[in-house]
Amino acid sequence: MATAISTPNIAFIKYWGNRNNPLRLPMADSLSMTLSEPSVEITIDHADTLKIQSSTMGEDREVTGKHLDRFQKVIDLAKEYLGTLGIDDALPGELSIRIDSHIPPAVGLASSAAVFSCLARAIAALITEKKELTDEQVSIIARLGSGSAARSVMGGFVALEAGEGASIDAAKAVQIADENHWLLHDIVVIPSREEKKVGSTEGHALAATSPYFAARIQAIRTRRQQECIDSILEKDFEKLQRVSEEDALDMHHVMETSNPPLKYLSQETHRIVGEVKALRETKHLPVLFTMDAGPTVHLVCTDEATEEVRAFASAQKGCTIFESQVGPGARGK
Ligand code: PMV
């Protein structure tokens, strides 16, 4: 039996579009900050058939249907990957999995990133007597469940390197700087708690239908990823703000021009973004906005800006607010 704990992350350079969908091999690098909360805890053990019990904020259910299929695929692929490391007997049968999530559902905090990074860490703990996996190897297992999950395996600021080729281990996460490097906060403004209609797995498969997809991939490969890494290493907030907002808006442009179009941002999102821009201009606040596959606005700011950003967030009528900061990533328990 093994238990792990993990959390979501928020990306500054977004992962959107794969070169291989079943293996979740991305087209381009991405980069995120691992969050300190909310957390997910997973306990796994060897079993004859796959069985998953899940409890979200105290509400119990058994995982079935397409959700169960997704886990089955991850376990099958994880076995395939462990085979390439010479330990194909490490997971001989199936797993019983118990998921305890403290992530409020449908709030735009990536629960799949937390869940699959946590599962990967638990698998690594379960097989540790056969082989001790490195963080990069754990990130490859996490990626098989959700691309962004690879980044939550480590703490602080983490890149998912797309790599080259079609092998299962071609893309992996690397830590750019740990959680003690730069204290940034993520104040999350949630305008709507409706479940999103098109999940990111389906969304990735549509990305290449946008006429703007190729240019975005090119921009990340030639410039944005490196600018983002530099801004973090130099703790240059203005640079981080510029490149991350440029990339987030570009990703939404790709989403909205894909076929069929995916419109994740709402009028409320645009209103909040407009007000944040106005606020930081008048008050010279180090705060940036970014949005994933939903209307939720993440306001990432430095420590000295938190009070004003918190006040701004609390003043948003009808919105739920959630607060987090840079965190340590998936770990054994
Ligand atoms: O890991 P996935 O398949 O849920 O994709 C994540 C996609 C975004 O959240 C929109 C961007 C990102 O890099 O986190």
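This report walks through some strands, helices and single residues of a predicted model.

## A four-stranded open sheet

Let us begin with an open sheet built from four strands, which follow one another in the order S2-S5-S10-S11 with antiparallel pairing. At its edges are strand S2 (9-13) and strand S11 (172-177), each of which pairs on one side only. From one strand to the next, the twist averages 30 degrees.

Now look at one pair in this sheet. Strand S10 (residues 157-161) and S11 run antiparallel and are joined by five bridges. To find a matched pair of residues, go to Leu-160, which stands opposite Ala-173 in S11. A helix also belongs in this picture: helix H6 (residues 213-233) lies across S2, strand S5 (30-34), S10 and S11, and runs at about 120 degrees to S2.

## Strands that meet at S6 and S9

Next, turn to another group of strands. Strand S6 (residues 40-47) is joined to strand S9 (residues 94-101) by eight bridges, and the two run antiparallel. Within this pairing, Ile-44 has Ile-97 in S9 as its bridge partner, while the partner of Val-40 in S9 is Ser-101.

Strand S9 also pairs with strand S7 (residues 51-56), this time in parallel, through six bridges. Here Thr-56 has Ser-101 in S9 as its bridge partner. Ser-101 therefore turns up as a bridge partner of both Val-40 and Thr-56. Strand S6, for its part, pairs with strand S1 (residues 2-6) in the antiparallel sense over five bridges. In that pairing, Ala-4 stands opposite Ile-42 in S6.

## Helix H3, an enclosed helix

How many of the nine residues of helix H3 (residues 135-143) are buried? Seven of them are, so helix H3 is largely enclosed by the rest of the structure. The buried residues are Gln-137, Val-138, Ser-139, Ile-140, Ile-141, Ala-142 and Arg-143.

What do these buried residues of H3 pack against? Their surroundings are strand S4 (25-26), helix H1 (65-84), helix H2 (111-126), H4 and S11.

## Arg-151, a buried charge

Helix H4 (residues 149-152) is home to Arg-151. This residue is buried yet has no salt bridge. Which side chain of opposite charge is nearest to Arg-151? The nearest one is Asp-292, 6.3 Å away, whereas a salt bridge needs the charged atoms to be within 4 Å.

Arg-151 does have a polar partner, though: its side chain makes a polar contact with the side chain of Ser-32 at 2.7 Å. Leaving aside neighbours within four places in sequence, Arg-151 is in contact with a long list of residues, including Asn-9, Ala-11, Ile-13, Ser-30, Ser-32, Thr-34, Val-158, Leu-160 and Ala-173. You have met two of these already, as Leu-160 stands opposite Ala-173 in the sheet.

## His-204 in helix H5

Our last stop is His-204, which you will find in helix H5 (residues 200-206). Is His-204 buried or exposed? With a relative accessible area of 6%, His-204 is buried, because buried means under 20%.

Which residues does His-204 touch, not counting those up to four places away in sequence? They are Tyr-15, Trp-16, Gly-17, Asn-18 and Asn-21. Tyr-15 is also one of the contacts of Arg-151. For a sense of distance, try finding Thr-282: it is 78 residues from His-204 in sequence, and 38 Å from His-204 in space, C-alpha to C-alpha.

How values were computed: Residues are numbered from 1 along each chain as its sequence is written. This is a predicted model: local features need pLDDT of at least 70, side-chain atom pairs count only at pLDDT 80 or more; totals for chains, interfaces and linings use all residues. Side-chain values use heavy atoms; hydrogens and water are left out. Buried means under 20% relative accessible area, exposed over 50%, partly exposed in between (1.4 Å probe, protein chains only). Lys and Arg count as positive and Asp and Glu as negative; His and the chain ends are not counted. A polar contact is a pair of N or O atoms within 3.5 Å; within protein, one must be able to donate a hydrogen and the other to accept it, and residues adjacent in sequence count only if both atoms are side-chain atoms. Contact means heavy atoms within 4.5 Å. Two strands pair if DSSP finds at least two bridges between them. Axes are lines fitted to C-alpha atoms, for helices over the stretch in contact, and angles run from 0 to 180 degrees between N-to-C directions.
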